[in-house]
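Biologist: I am new to this structure, and before I accept any label for it I would like to hear the reasoning behind each one. Could we look at it together?

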Amino acid sequence: MAVFFLADVHLSEKTPDITAAFQACLHRLKADKPEAVFILGDLFDAWLGDALADELACRIAEEIRALSLLCPVFFQRGNRDFLLAAAYCTRSGMNLLPDVYCFEYAGKTLLLMHGDLLCTDDIAYQKMRRILRHRYFYRFAACVPRALARRIAAFLRRQSRERTAAKSAEIMDVNAAALQEMMQRYQADVLIHGHTHRPCVHALEKGRQRIVLGDWRPQGEILRLQADEEELQMDFAMCELIL
């Protein structure tokens with residue numbers, strides 16, 4: 001048995017190929033009977049609030065719930081679906097994790113994050129993140145009509161695209177000092193995150209590792225970890241998009 005990790009699926013009605021690939025992934029996971037599945041944020045390309053879940057979100061909830069009957073499924077919010085809350089998690093059978101989460105596996109301390117908290121060089125994004133994560137914004141979002149919520153989400157996505165295009169790749173990547181501080185604070189052996197869309201396994205000092213999960217273009221990528229005689233075995237499974 002193994003533990004699986006994925007992130008940055010960015011499900012949307014506009015990308016049925018990604019939806020089909022993700023559904024195929026869930027079916028394959030059910031056949032594998034994993035110990036647990038961790039979804040580390042940005043499962044959806046945009047989330048307007050649990051009360052405003054659309055038809056796609058309802059279908060995906062049913063698919064994930066079927067998997068959750070076989071193994072625990074954990075969800076960590078991303079920068080696109082940070083409004084996803086307890087109601088949808090209950091509906092889909094997912095366990096909601098905090099923004100930073102640690103657990104022991106195969107004698108290693110694993111640290112899980114979406115990854116955006118580590119991109120501290122992107123000062124404008126971090127300021128916006130603090131505003132959007134404030135409890136007053138959550139209260140505001142909970143009472144916004146669907147039509148207005150869609151307009152706000154479209155505006156934020158447009159602003160994000162424009163700002164991203166104007167920033168260097170280095171600014172939007174993980175800050176080395178922030179990474180080291182986080183690893184040290186939690187005494188982590190392995191950090192697993194998404195967000196940057198730069199899949200890679202980075203070797204760090206003292207045998208530590210940083211594993212970056214990819215997004216679902218041009219293919220879905222899933223990390224598989226397995227304990228083998230107290231050693232951590234790692235490989236990546238691919239889910240081809242159905243075009």
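Modeller: Let us begin with a term: contact means that heavy atoms lie within 4.5 Å. Please keep in mind throughout that this is a predicted model.

Biologist: Which residues does His195 touch, not counting residues up to four places away in sequence?

Modeller: His195 touches Asp8, Asn79, His114, Gly115, Asp116 and Cys119, and its place in the chain is the loop between strand E7 (190-193) and strand E8 (200-203).

Biologist: Why is His195 called buried?

Modeller: The term buried applies under 20% relative accessible area, and since His195 has 17%, it falls on the buried side of that cut-off.

Biologist: What makes Asp42, Asn79, His114 and His195 a set worth viewing together?

Modeller: An unreviewed UniProt entry places the feature "binding site" at these four residues, although such annotations may be inferred rather than shown by experiment. They span 154 residues in sequence, but no two of their C-alpha atoms are more than 8.2 Å apart, and so they gather at one spot. Two of the set, Asn79 and His114, also belong to the lining of the largest cavity.

Biologist: How do you know that His114 is buried, and where in the chain does His114 lie?

Modeller: His114 has a relative accessible area of 3%, which is therefore counted as buried, given that the cut-off is under 20%. Its place is the loop between strand E6 (108-113) and helix H4 (123-132). Leaving aside neighbours within four places in sequence, the contacts of His114 include Asp8, Asp42, Asn79 and His195.

Biologist: What makes the pair of Leu40 and His114 a polar contact?

Modeller: The backbone oxygen of Leu40 lies 2.8 Å from a polar atom of the His114 side chain, and a polar contact requires N or O atoms within 3.5 Å.

Biologist: At which other residues does UniProt place a "binding site"?

Modeller: The unreviewed entry also gives this feature for Asp8, His10, Asp42 and His197. These residues are spread over 190 residues of sequence, yet they cluster in space, with a largest C-alpha distance of 11.4 Å.

Biologist: Is Asp8 buried or exposed, and what polar partner does its side chain have?

Modeller: At 0% relative accessibility, Asp8 counts as buried. A polar atom of the Asp8 side chain lies 2.8 Å from the backbone nitrogen of His195; Asp8 itself sits in the loop between strand E1 (3-6) and helix H1 (16-32).

Biologist: Why is Asp42 called buried, and what does Asp42 touch?

Modeller: Asp42 has a relative accessible area of 1%, so it is buried, as the label asks for under 20%. Beyond residues up to four places away in sequence, Asp42 touches residues including Asp8, His10, Asn79, Asp81 and His114.

Biologist: Which backbone nitrogen atoms lie by a polar atom of the side chain of Asp81?

Modeller: The backbone nitrogen of Leu43 lies 2.7 Å from a polar atom of that side chain, and the backbone nitrogen of Phe44 lies 3.3 Å from one, so both distances fall within the 3.5 Å asked of a polar contact. Asp81, at 0% relative accessibility, counts as buried.

Biologist: Finally, how do you know whether the protein chain agrees with a compact globule?

Modeller: A compact globule of 243 residues would have a radius of gyration near 18 Å, and because the protein chain has 18 Å, the two agree. The protein chain holds seven helices and 11 strands, and 48% of its 243 residues count as buried.

Technical notes
Residues numbered from 1 in each chain as written. Predicted model: local features only at pLDDT ≥ 70, side-chain atom pairs only at ≥ 80, totals over all residues. Heavy atoms only, no water. 1 Å grid on protein atoms, 1.4 Å probe; cavity = no way out; pocket = protein on both sides within 12 Å on 5 of 7 lines; lining within 4 Å. Helix = DSSP H or I, 4+ residues; strand = E, 2+ residues; numbered from the N terminus. Buried < 20%, exposed > 50% of the residue type's maximum accessible area, 1.4 Å probe, protein only. Polar contact = N/O pair within 3.5 Å; in protein donor to acceptor, adjacent residues only side chain to side chain. Rg over C-alpha atoms; globule rule 2.2 N^0.38 Å.
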